[in-house]
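Student: I am new to this one, and I would like a close look at a single part rather than a quick tour. Please walk me through the charged pairs and what lies around them.

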Protein chains: 2
Amino acid sequence: MAGRELSERGAGTRALILDTALAAFAESGYRGTSVRDIATRCGLTHPALLYHFPTKADLLMAVLGRRDDSEGRAVGFDELHGRALLDHLVDTARRNSARRGVVELYATLSAESTEPGHPAHAYFVARYASLREAVTRAYRELEADGALRPGIAPATAARQLVALMDGLQIQWLLDPELDMAEALAAHVEAQLR
Amino acid sequence: MAGRELSERGAGTRALILDTALAAFAESGYRGTSVRDIATRCGLTHPALLYHFPTKADLLMAVLGRRDDSEGRAVGFDELHGRALLDHLVDTARRNSARRGVVELYATLSAESTEPGHPAHAYFVARYASLREAVTRAYRELEADGALRPGIAPATAARQLVALMDGLQIQWLLDPELDMAEALAAHVEAQLR
DNA sequence: GTCTATAACGTGATAGAC
DNA sequence: GTCTATCACGTTATAGAC
């Protein structure tokens with residue numbers, strides 16, 4: 001591609017901004033973080049940042065989008081089936097215990113974005129729907145294999161598991177002694193046979 | 001008591017402010033609501049409001065405290081035992097379906113207040129601890145009555161139930177079609193025998 | 001294409017008059 | 001107990017230099 005060196009610095013700045021914004025949002029939430037803070041941490045003035053991302057909401061969406069690309073959905077829910085998918089979620093909870101900031105970001109944002117006018121509202125609606133769908137599929141597969149305790153409805157179980165993940169995060173953030181992965185694993189264990 | 005009529009008008013204003021603040025926080029969250037908004041809704045200027053509650057955080061704590069007195073803890077967790085306490089929680093979820101604003105307030109606040117510096121941090125740490133304690137007691141009572149499925153640890157079950165309530169609220173706020181009470185009741189049902 | 005300077009406004013909070 | 005006036009700061013956004 002021609003003009004690579006022209007956009008090189010710009011691309012680097014963009015990536016720096018995204019990294020810094022992720023950390024800042026994670027520390028203080030979306031509403032609690034100012035564009036000036038992020039810009040200053042990058043060695044920029046805030047209008048310079050707003051050149052790359054016209055609005056604070058745009059920046060937020062870019063941060064969320066990049067995380068999905070790099071780590072979240074890229075692991076590939078579609079390739080995981082049955083028990084393996086549930087185990088993957090337990091594992092995610094375990095790994096999250098080492099990244100308090102990210103957990104704080106998602107906990108704060110998912111609650112904030114509940115309001116229909118929030119910039120990340122559509123993102124979270126879609127995120128939860130697709131997560132519930134994948135987990136429902138996993139429970140259906142377990143059911144077909146006869147590995148699910150009778151009387152457990154896959155769709156309900158999926159909503160419960162997703163809810164459990166969110167709720168355990170709140171309790172863990174308030175008291176890091178609590179073990180998210182353990183409580184999650186115990187729940188899954190109790191549903192299988 | 002002497003001097004009652006002196007504080008009468010003041011007490012009325014105080015109550016008006018608390019009612020209005022509850023509604024406003026419920027609509028827009030703590031950070032999303034300005035002291036000016038609340039004051040204007042009360043027909044006051046914002047310094048007048050800050051005469052009654054010196055700080056925005058003080059106002060928040062007063063709102064939370066009054067709710068606990070009037071409706072929450074006053075129902076009396078101490079008087080409820082075993083299954084009755086769990087049923088009461090399911091019922092609370094059912095009643096909450098008619099009060100979106102309050103659910104939004106608590107969901108947003110519990111996530112926000114996760115940060116140690118937040119004005120409501122200590123409040124929520126204590127709130128969760130006492131709730132978990134009460135629920136743990138209920139599960140222990142069920143266990144002693146032989147009503148709890150074997151292999152379920154009361155303390156873990158309590159953390160799970162509290163987490164489930166929080167997580168279901170998020171999903172319900174994002175999609176009001178979902179039935180919080182139903183998913184909660186199904187979970188409890190699956191734990192008992 | 002990248003950034004500095006600045007505008008225009010809203011915020012929580014305080015001082016002091018009435 | 002409530003007001004006006006004001007403060008210092010943070011917010012999004014734009015005009016224009018390099």
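Tutor: Let's begin with a word we will need throughout: helices are DSSP runs of H or I with at least four residues, while strands are runs of E with at least two, and both are numbered from the N terminus. What you see is a predicted model, in which local features need pLDDT of at least 70 and side-chain atom pairs count only at pLDDT 80 or more, while totals for chains, interfaces and linings use all residues. Residues are numbered from 1 along each chain as its sequence is written, chains are lettered from A and ligands numbered from 1 in the order in which they are written, and side-chain values use heavy atoms, with hydrogens and water left out.

Now to the pairs. Side chains of opposite charge can pair when their charged atoms come close. A salt bridge here is a side-chain nitrogen of Lys or Arg within 4 Å of a carboxyl oxygen of Asp or Glu. Over all chains, the count comes to 17 salt bridges.

Start in helix 5 of chain B, which covers residues 82-96. There, Asp87(B) and Arg83(B) join in a salt bridge, with 3.2 Å from N to O. The two are 4 residues apart in that helix, so about one helical turn separates them. An α-helix has 3.6 residues a turn, so residues three or four places apart point the same way. To describe cover, we call a residue buried under 20% relative accessible area, exposed over 50%, and partly exposed in between (1.4 Å probe, protein chains only). Asp87(B) is partly exposed at 34%, and Arg83(B) is partly exposed at 34%.

Next, move along to helix 6 of chain B, residues 100-112. Glu104(B) and Arg100(B) form a salt bridge whose closest N and O atoms are 2.2 Å apart. These partners are also 4 residues apart in their helix, about one helical turn. Glu104(B) is buried at 10%, whereas Arg100(B), at 27%, is partly exposed. Elsewhere, salt bridges with shared partners link Arg83(A), Asp87(A) and Glu189(A) into one network.

Stay with helix 6 of chain B for a moment. Of its 13 residues, 11 are buried, so the helix is mostly covered. Among the buried ones are Val102(B), Leu105(B), Tyr106(B) and Leu109(B). The expected span of a helix is 1.5 Å times one less than its number of residues. For the 13 residues of this helix that gives 18 Å, and its end C-alpha atoms are 18 Å apart, which agrees.

One more pair links the two chains. Arg159(B) forms a salt bridge with Glu182(A), the closest N and O atoms being 3.6 Å apart. This pair crosses between chains, from helix 8 of chain B (residues 154-174) to helix 9 of chain A (residues 180-191). On the chain B side, Arg159(B) is buried at 11% relative accessibility. On the chain A side, Glu182(A) is partly exposed, with a relative accessible area of 47%.

To retrace the path, look for Asp87(B) with Arg83(B), then Glu104(B) with Arg100(B), and end at Arg159(B) with Glu182(A).
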